[in-house]
Every structure is written in structure tokens, then in C-alpha cells.
There are 2 protein chains.
Amino acid sequence: MELDERKCKILQAIIKTYLETGEPVGSRTISKLPDLNLSSATIRNEMADLEELGYIIQPHTSAGRIPSDAGYRLYVDQMMAEKALERNDEEEGKEKEHDALLAKVDRLETLLQQVAKVLAYNTNYATMVTAPNYKNTNVKFIQLSQVDETQLLAVIVVEGNVIKNKMIKVTEPLANDELLKFNVLLNSFLTGLSLQDINLELIQTMKQQAGERAALLEYIFEGVMDAVRSAEELEVYTSGANNILKYPELYDATKAGALLEVLEEKKALNNLMESTENDTTDNQYGIQVYIGDETPLKTTNDCSIVTATYELEEGVRGKIGIIGPKRMDYDKVVTTLKNLTNELDTIFKNKT
Amino acid sequence: MELDERKCKILQAIIKTYLETGEPVGSRTISKLPDLNLSSATIRNEMADLEELGYIIQPHTSAGRIPSDAGYRLYVDQMMAEKALERNDEEEGKEKEHDALLAKVDRLETLLQQVAKVLAYNTNYATMVTAPNYKNTNVKFIQLSQVDETQLLAVIVVEGNVIKNKMIKVTEPLANDELLKFNVLLNSFLTGLSLQDINLELIQTMKQQAGERAALLEYIFEGVMDAVRSAEELEVYTSGANNILKYPELYDATKAGALLEVLEEKKALNNLMESTENDTTDNQYGIQVYIGDETPLKTTNDCSIVTATYELEEGVRGKIGIIGPKRMDYDKVVTTLKNLTNELDTIFKNKT
DNA sequence: TGTTAGCACTCGAATGTATCGAGTGCTAAC
DNA sequence: GTTAGCACTCGATACATTCGAGTGCTAACA
């Protein structure tokens, strides 16, 4: 049995109404739609076929049908295909105000937090935004300075203008020229290098150059390395966790609880986001839709995740994701994500 | 009618069993307790009195009694008074493992996040930890350096070793001696001052000293001020939001949703924590218990908040708080909070 | 005077029963 | 191939009944 056009239309109608109502849809409901003029009996026959094909499910005899994961998949794929065609007429206007809202935030972290918030507000789902990951954290600049008698401050700027710093305790203040010497040494040896490039050999050579202060240099160097490593912990910003409770199908102590836990566990969440494919070739915004079991979540298969990729600068990317019930307004979510990544792009471009 | 000792004991028994079971307690349940040997009828009489006094409530006729806010209040006050007496025998052992867990975290933010997590895990309530607030953010040290052709980096260390930084865009690189001059200028004018101390007059004098580079100085100065102001946004770390769903009395779309929103709204949360009294005189850890309406939460009066104050260094304090249902294991919560603040104290003391 | 046994009463929770209706599958006619 | 018709299913709803925990009150008792 193949999926002819009429079946396809019916399936689409079923899914659409289910997305709206959240309740199983019966044959009569579909037959009354102005779209296709068929009696409920005919629809019933087609529905039986669609069920056999695995696109819809009957929760129990004498109930309507609800989409299966496969059904959702088909629906989303079709939607995405359509969107790819009508790419030209980007909607504006509605989201305009956020432009203003977002543009004036200048710290990246607050901006991203804000993005998560706006997205949650617009979609009524839970959202998460990962900070862009600077894969190759090349050191760009190092500055060592004496803050007071016993404390040095190491400031390291790495590729992408990420600033890291670390206080280093010393037993006695360094002489001015010594500080200068260390600064020169650190900069000349480390600038341009990334974490992986820094090896024992390099450290040895550096220590040689430091002469009798080799021990101190090593100590300071350790501090610097600490700082460079530190912000490896990638940030994730979440918002709208309360939205989860708005959907009856997730409103359940274990399901909702598990989701909340996921949203809280930043590290796992980051992995989750990273584990989504990073494919910007097939569609402009790298939008990916994961339905039910396709989701990297093991704890529940009752929700869907949609992610988009934004680009801070060439090659430096982060992700925006929303997580909600399988019965999600995919269309709206995808458009909103597109608009938002669009806005982010323009903001970032104007910045540089 | 006064509250004699017997009434008091009965009230205590009612509250205790209610805390355990979560269901209205009847007279028979109490009469069967080995503590006081009274028939259910007598208990009933006393209960009627207690209700009249406002300490307990009857959800409906022919149901047992549950504590009112006033009842909880009395219970907590008594418990706190008892605890104040037996302050000596600090329990150890059980929490020992966290000592290890917490001690090896060296960044303050991760430590506090960890604290929130441990507390949530131990108590099964939602938790929040505010970063210590450095009331007087005196500038301690300023360093301006040239990162590349068009970017300056301003690093400011304020009291309490909080480091703030900001990239400043310039059109052309500054000469070395010019940079030095700015550094000296900024340091000599601003060190020791706090945000409030910096006024227009000061800026004028500074500009005069800058001579023909006054415009540039002002521009840079703005950047520096930006950075100083920036981290005014105090951080709050939360954990265990999912625990909220574990209590039937809060398990309700609107109530739980509202709480989740509160936990997410860091800024409001911080105010909430700050608004709690800061009184370390009456008990060692500044533990405060807010029950129902006493809570600063306007959205719901179905929960209680317990906060404790920890001290990073003399005068630099933050708060640890837990939020849960009114039917909360106050005893356990208070002990856990005490232990935790204790641990924090020792950790901080060893650090300095 | 305080305590207790006894009893009628209340009312939510639990259980059982009947009904309703949306929806189905199937058959036969168009 | 489509549709009308019909018997059938089964969750949801409504309603009645029962059950029992718990109460308040009264009267007897120490």
C-alpha cells in the first residue's frame, strides 16, 4: 500500500487538528473540513489504511486517531520542504520590538539569557540557548599584573574575545622588571597557541629562559593554564521551564520532573545540544527537529526538541533549542527560531 | 483561654504527624500516641479549643485537623528555641562526604552552584543560593591594555577580588606611553572609590589632566564604568526545581508554575532573598523561617521559605535558602542549613 | 471538675451502575 | 470507488450507594 495524495492530505488534516485540540480526531471531524469532500465512512477507510501504514494510532477502540512519531515526522518533513521553497518572503514586523529589546543588551551572556526568555515567551515552550563554542581557543593576549602585595592577576584573552582571568597568590611582590619579563615570556611563547599545542617541551624551554626564576614561572604558568581551561565549561541558558506544566500530556510528576532535571543539569544539556547534528547545509538556519524517540532524552519520549544554529562569527556557533510536547506548533516554532537566528545574525554583524 | 502545656503538647503532636503524613489528623491518632494518655474524646475537646485559638484548622466537618500558619509558627519557634539550647553537640559524620565534594571546587560560582545542588539533594526541596554581595564595591586596581590594533582591554579588580572586564574599541592603537599615562590616571583617581563616590567633578578634574586627549579619556572612562557597573547583577544559583512537583499540595499547574517562574527570575529571586531579614544576632546562622503568608511571595501562600546566612569574609555575606511546601521537615531543613553554612565557613576560612 | 464512654451525625472518598455519545468496522447499495 | 446505515465498543459522565473516619454533644463516672 502506498501513500497517495489523498491519504497524505487526510493525514495532514488529522495532525493539524490534533495539534490544535490535543484530542484524538475522528472521521467525522475530518469529513466536515471544507478541504476534501468525502464522507466520514470514506475517511474511516483511509484512516484504517493510515493506521496500518503506521502514521496514526488509535489509543483505544472507539476513539479517534492521534499521530504516531512517524506521522509527525512526515508532517514536519513536508512542512520544512514547503518552507524551503517560500524562503523569500521573510516575515518581519511582529518580532520587530524584540530587535530593540535584544539589541541594547551588550554582554553576550545577558543577550543569550534574554534570547532564551523571549523565545520562551513567544512560543510557550521551554527553551535553552548554548553559548557559542570556541573550538580552537587560541590565546590572543596575556597580561600579568600586580594587584597588591601578595596577589597577581592574570588576564588571558582568547580567540573570540573571551576573557578569562585568575588571581595568583605569591609570597612577595615581584619587581617591576621581573613582571615585565614574565609578561613578555608568556606572551611570546603562548600567543597563537591553543590548549592542545601547549606541551611539556614548550614549558621546558620557557623555564630555561626564565633562568633562576624558573620555579616561580612554573607556578604562575600553572595559574594561567588554570584560567585558560576554566571557561571550558560551556554555559547554557534556559527559560520557560514553567511552560512544561502547561501541557496535560507532560503534566505528570515523573515526566515533568525529569524534564526539569534535564533543564537544570547544564552540563548534560550542553551535551544534548551538541549531540544534535550540526548541519547547516540542508537549510539555512540548521534547524533540526527531533520527535519523541529521536530525541537524545532517554528519560521520556513524550516530547520533541527543535534546535537552530546561530553564528557569532565565522565558525563560532551556538545553538538555540526549544523543548515541548510532541504535539507542538512546529510551524510557529520553526518560524520563530528562524526569525530569532536572523536577528542574532544582524546583531552580531553590526557588532563587528 | 490560654495555651497550657497539655494543649501545647497536643498541638505539637498534631503538627508532627501532619508533617509526616500530609493528611488531616484525627483525635484517635493522637490519643493512641504513647506520649500522653488521654482518650480521643478529651483530645477532641482540646482540639476544639486549639481551633478556637487559631492554631489548627478543620478542612471540613468530619475531617481531622491540619495546622494553620499560626500553628506552624508556634511549632517552628519552639523548635528553634530548643535548638538554641542544644547548640553544643554539632552533628558530624553524615555530611562528611560533602565536605570533600565541596572543598575541591575552587571557583566561587561553581562552589555555590554545588551547594545549591547538595542542599536540594539532601532536603528534597528547591534551593537557592545568592552570591555574596559586596556592598561597597571599592575599586582596587585598574589595568588598561592593548589587545590588538583596535581593542583595549580594561580589567578592574574591586574589593573582594571580584574581577570585571570590558573590551573597548578604539579607532587607532594607543602609543605605549599614552597607555601608561591613562593607566596611571585611572588608577590614581579611582582606586579606593566606590561607584557612588565617582561624580562629575571628579571626571572633570581627570579630563583636565588628560589635556588634549580628554575626549579619548572620557570614552575609555565610560567603558571602565560600564564594567564596574556590569556585575552589579547579583547571581543566584538554584537547584532542585523538580522537587516542587513531589508535593501534592504544590502539584498544581498554577502554583507549581508560579514557583518555577520565581526560581527562574533571578533578579526577583535575589530581591526576595535580600528582603529576608539579615539578623545574625538571635541565632548563629541567621536562620529565618517564613511560613505561608509571611513569605515575600505574593503569588502563592502555600509554601515556606527557610534562609540561612553564610559569611565569605567579614561583612561579605550571602544567603542560602530553600523553598518548599508549608508541610516541610523544618527540623531537618534547619539542621542541614546549619551544617552547610558551617562547612562553608570552614572552607572559606581555610582559603584565606 | 476533669475525663471518658457512647451515640447520632456529617461528609468526603470509594465503589458500583446506568447512560450517553463519539467513534469504529463492516456490509450492502449506489 | 463512494456512501449510507447499522451494530458494536468503550471511555466519560452522572448518579446513587456505601463506608468509615472523624466530629460534637450528652451523660455517667472518678
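Helix α3(A) is the largest contributor to the surface near DNA strand C, giving four residues. Keep that helix in view as you read. The model is predicted.

Stay with DNA strand C for a moment. Around this strand lie 20 residues. The nearest are Gly26(A), Ser27(A), Ser39(B), Thr42(B) and Ser62(B). Both chains therefore appear in that list, as the names show, and the surface near a strand is defined by a C-beta atom within 6 Å. Which elements each supply at least two residues of this surface? They are α2 (27-31) and α3 of chain A, together with α3 of chain B. By class, the surface near DNA strand C holds six nonpolar, eleven polar and three charged residues.

Now move to DNA strand D. There are 20 residues around this strand too. Ser39(A), Thr42(A), Ser62(A), Gly26(B) and Ser27(B) come nearest. At least two residues each come from α3 (40-53) of chain A and from α2 (27-31) and α3 (40-53) of chain B. The largest share, four residues, belongs to α3(B). The residues of the surface near DNA strand D divide into six nonpolar, eleven polar and three charged.

How are the two protein chains related? A turn of 180 degrees and a shift of 0.2 Å along the axis lay chain B on chain A, with an RMSD of 0.3 Å. That is the relation of a two-fold axis. Which residue of chain B comes closest to the rotation axis? It is Val155(B), with its C-alpha at 4.0 Å.

Next, look at where the chains touch. In this contact, 26 residues of chain B meet 26 residues of chain A. On the side of chain B, the elements that give two or more residues are β4 (139-148), β5 (151-158), β6 (162-169) and α10 (253-264). Helix α10(B) gives the most, with six residues. This side of chain B divides into 13 nonpolar, eight polar and five charged residues. Why can we say that the copies meet through the same surface? Because 100% of the interface residues of chain B are also interface residues in chain A.

Three of those elements also form a sheet. In chain B, an open sheet of three strands has the order β4-β5-β6, with antiparallel pairing. Strands β4 and β6 of chain B stand at the edges, and each has a single partner strand, so one side of each is left without a neighbour in the sheet. From one strand to the next, the twist averages 20 degrees.

Take the strand pairs in turn. β4(B) and β5(B) pair in the antiparallel sense over eight bridges. A hairpin of two residues joins β4(B) to β5(B). Gln146(B) stands opposite Leu152(B) in β5(B). β5(B) and β6(B) also pair in the antiparallel sense, over eight bridges. Here Ile156(B) has Lys164(B) in β6(B) as its bridge partner. In a regular strand, the side chains alternate between the two faces of the sheet.

Finish with two helices of chain B. The axes of α1 (residues 5-21) and α4 (residues 69-85) of chain B come within 10 Å and cross at roughly 100 degrees. That makes α1(B) roughly perpendicular to α4(B). Leu11(B), Gln12(B) and Ile15(B) in α1(B) meet Gly71(B), Tyr72(B), Leu74(B) and Tyr75(B) in α4(B). The residues of this contact divide into five nonpolar, two polar and no charged.

Key. Residues are numbered from 1 along each chain as its sequence is written. Chains are lettered from A and ligands numbered from 1 in the order in which they are written. This is a predicted model: local features need pLDDT of at least 70, side-chain atom pairs count only at pLDDT 80 or more; totals for chains, interfaces and linings use all residues. Ala, Val, Leu, Ile, Met, Phe, Trp, Tyr, Cys and Pro count as nonpolar, Asp, Glu, Lys and Arg as charged, and the others, Gly among them, as polar. Axes are lines fitted to C-alpha atoms, for helices over the stretch in contact, and angles run from 0 to 180 degrees between N-to-C directions. Angles under 35 degrees count as roughly parallel, over 145 as roughly antiparallel, 65 to 115 as roughly perpendicular and the rest as oblique. Two residues are in contact if their C-beta atoms, placed from the backbone, lie within 7 Å. Copies are superposed by least squares on the C-alpha atoms of residues with pLDDT of at least 70 in both. Two strands pair if DSSP finds at least two bridges between them.
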